[in-house]
Amino acid sequence: MNPALTVPPVVGAALLDDFSLEMTGKDVSRLEEACDGIPRGTRINITFLAGEDLGMRLEAARAVKRLGFVPVPHISARRLPSRAALEEFLAGLAEDGTAENVFVVGGDPARPEGPYEDALALLRTGLLQSHGVRHVGISGYPEGHPAIADHTLWSALTDKAAAIGEHRFGGDVITQFGFDADPVLTWLEAARARGVHLPVRIGVPGPAGVRRLLGYATRFGVATSASVARKYGFSLTNLMGTTGPDRFLHALARRYDPERHGTVKVHFYTFGGLRTTAEWVTAFRQGDARGSGDHRGG
């Protein structure tokens, strides 16, 4: 056991209470394989990707609900071709009883494919509440965004948080993943200082191959310097191994202060698969309960 990686069991366990997971519309069979290892009632976000159709997105939300979890369908503003497309999606969710929780995001396209420029535009349509949405998730970027200036990101976050309050939604913030707890904690304090007091789900990559993690990090502008890599627990010169977020979570748990950082939970990006992530969470929590430290992959 590495003493530097040991945290009080109650602290480590608390961060993983009510964790959430992410899947794509194509992952229904993988969720079925992993479901026995995931606590019932877990929130499972369903991404809104190019190449998926309405039927696939609705079916994924139905499957999440059928298996005993809470579906959180994503709505990508710039991918919506029309107001009618948004209404059709929301109406389908409402009919299936899967509309209560959604996550709104601007989305990847540089130019909107329809009338919605960003997530705030979706919040202001009035369509979410009229279709039974009660809880809205929004995005946060502790390390910034490669295509958006920091001042714009902060303005968007505070405006979205205010809109959630104005429309009387429940809400939370889900952050982009990272490998270093320091900027996450700094960002949390800055968000609270700006009046954003929603619960924050810290984005964490589930265990996955180092090469895959670095590929996603490059895509999303996540820092991967040699010092950050060593801190997280992988080497930039050996990309063949796999690694999990053990060190990251322990660092977060050691320095997390509810008075300064507010309510914090964990959201897993399942780059290495739903089942692998679920099994890792179980092993990590069991190891933490025993007071052990590092559970990384090779």
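In this predicted model, the largest nonpolar core holds 90 residues. Ile75, Val104 and Val136 touch the most other members of this core. Helix α8 gives the most to the core, with 7 residues. In soluble globular proteins, nonpolar side chains tend to be buried together.

Ile75 illustrates the packing within the core. Its neighbours within four places in sequence are left aside here. Beyond them, Ile75 is in contact with Phe48, Leu80, Leu86, Phe89, Leu90 and Leu122, among others. The stretch Val102, Phe103, Val104 and Val105 also contacts Ile75. Leu128 is another partner of Ile75. Val104 thus appears twice: as a contact of Ile75, and beside Ile75 among the residues that touch the most other core members.

Cavities were examined next. The structure holds 4 cavities of 30 Å³ or more. The largest cavity has a volume of about 50 Å³. Its lining includes the run Tyr141, Pro142, Glu143 and Gly144. Gln176, Phe177 and Gly178 line the largest cavity as well. Val184, Phe220 and Val222 complete the lining. By class, this lining has 6 nonpolar, 3 polar and 1 charged residues. The charged residue is Glu143.

Charged pairs link several parts of the chain. The structure holds 16 salt bridges. One of them joins the side chains of Asp108 and Arg79, at 3.7 Å from N to O. Asp108 lies in the loop between β4 (101–105) and α5 (119–123), and Arg79 in the loop between β3 (70–76) and α4 (83–96), so the bridge ties together parts that are 29 residues apart in sequence. The two partners differ in burial. Asp108 counts as exposed, at 51% relative accessibility. Arg79 counts as buried, at 17%.

A second salt bridge connects the side chains of Asp172 and Arg201, at 3.2 Å from N to O. Asp172 belongs to strand β6 (residues 170–175) and Arg201 to strand β7 (residues 200–205), so this pair also ties together parts that are 29 residues apart in sequence. Here both partners are buried. Asp172 has a relative accessibility of 6%. The value for Arg201 is 3%.

A third salt bridge is formed by Arg260 and Glu189, whose closest N and O atoms are 2.7 Å apart. This pair links distant parts of the chain, 71 residues apart. Arg260 sits in helix α12 (residues 258–261), and Glu189 in helix α8 (residues 181–193). Both residues are partly exposed. The relative accessible area of Arg260 is 41%. Glu189 has a relative accessibility of 34%.

Some salt bridges share partners. Asp18, Asp172, Arg201 and Lys265 are joined in this way into one network. The buried pair Asp172 and Arg201 thus belongs to a wider set that includes Asp18 and Lys265.

Asp18 also stands out in its backbone. Although not a glycine, Asp18 has a positive phi of about 60 degrees. The residue lies in the loop between α1 (9–15) and β1 (20–23). Asp18 is partly exposed, with a relative accessible area of 38%. Arg168, another residue other than glycine, likewise has a positive phi, near 60 degrees. Arg168 is placed in the loop between α7 and β6. With a relative accessible area of 79%, Arg168 is exposed.

Helix α7 (residues 150–166) contains Gly165. Gly165 is partly exposed, at a relative accessible area of 48%. Leu249 is 84 residues from Gly165 along the chain, and their C-alpha atoms are separated by 30 Å.

Ala278 gives a further case of residues distant in sequence. Ala278 is found in helix α13 (residues 274–289). At 5% relative accessibility, Ala278 counts as buried. Ala278 and Asp36 are 242 residues apart in sequence, yet 9.2 Å apart in space from C-alpha to C-alpha. Ala278 also touches Gly37 and Ile38, with residues up to four places away in sequence not counted.

Note on methods
Residues are numbered from 1 along each chain as its sequence is written. This is a predicted model: local features need pLDDT of at least 70, side-chain atom pairs count only at pLDDT 80 or more; totals for chains, interfaces and linings use all residues. Side-chain values use heavy atoms; hydrogens and water are left out. On a 1 Å grid over the protein atoms alone, a cavity is a set of points where a 1.4 Å probe fits but cannot get out, and a pocket is an open set with protein on both sides within 12 Å along at least five of seven lines; lining residues have an atom within 4 Å of a point. Grid points are joined across faces, edges and corners, and a volume is the space filled by probe spheres set on the points. A salt bridge is a side-chain nitrogen of Lys or Arg within 4 Å of a carboxyl oxygen of Asp or Glu. Helices (H or I, at least four residues) and strands (E, at least two) are DSSP runs, numbered from the N terminus. Buried means under 20% relative accessible area, exposed over 50%, partly exposed in between (1.4 Å probe, protein chains only). A nonpolar core is a set of buried Ala, Val, Leu, Ile, Met, Phe, Trp, Tyr and Cys residues joined through side-chain atoms within 4.5 Å. Contact means heavy atoms within 4.5 Å.
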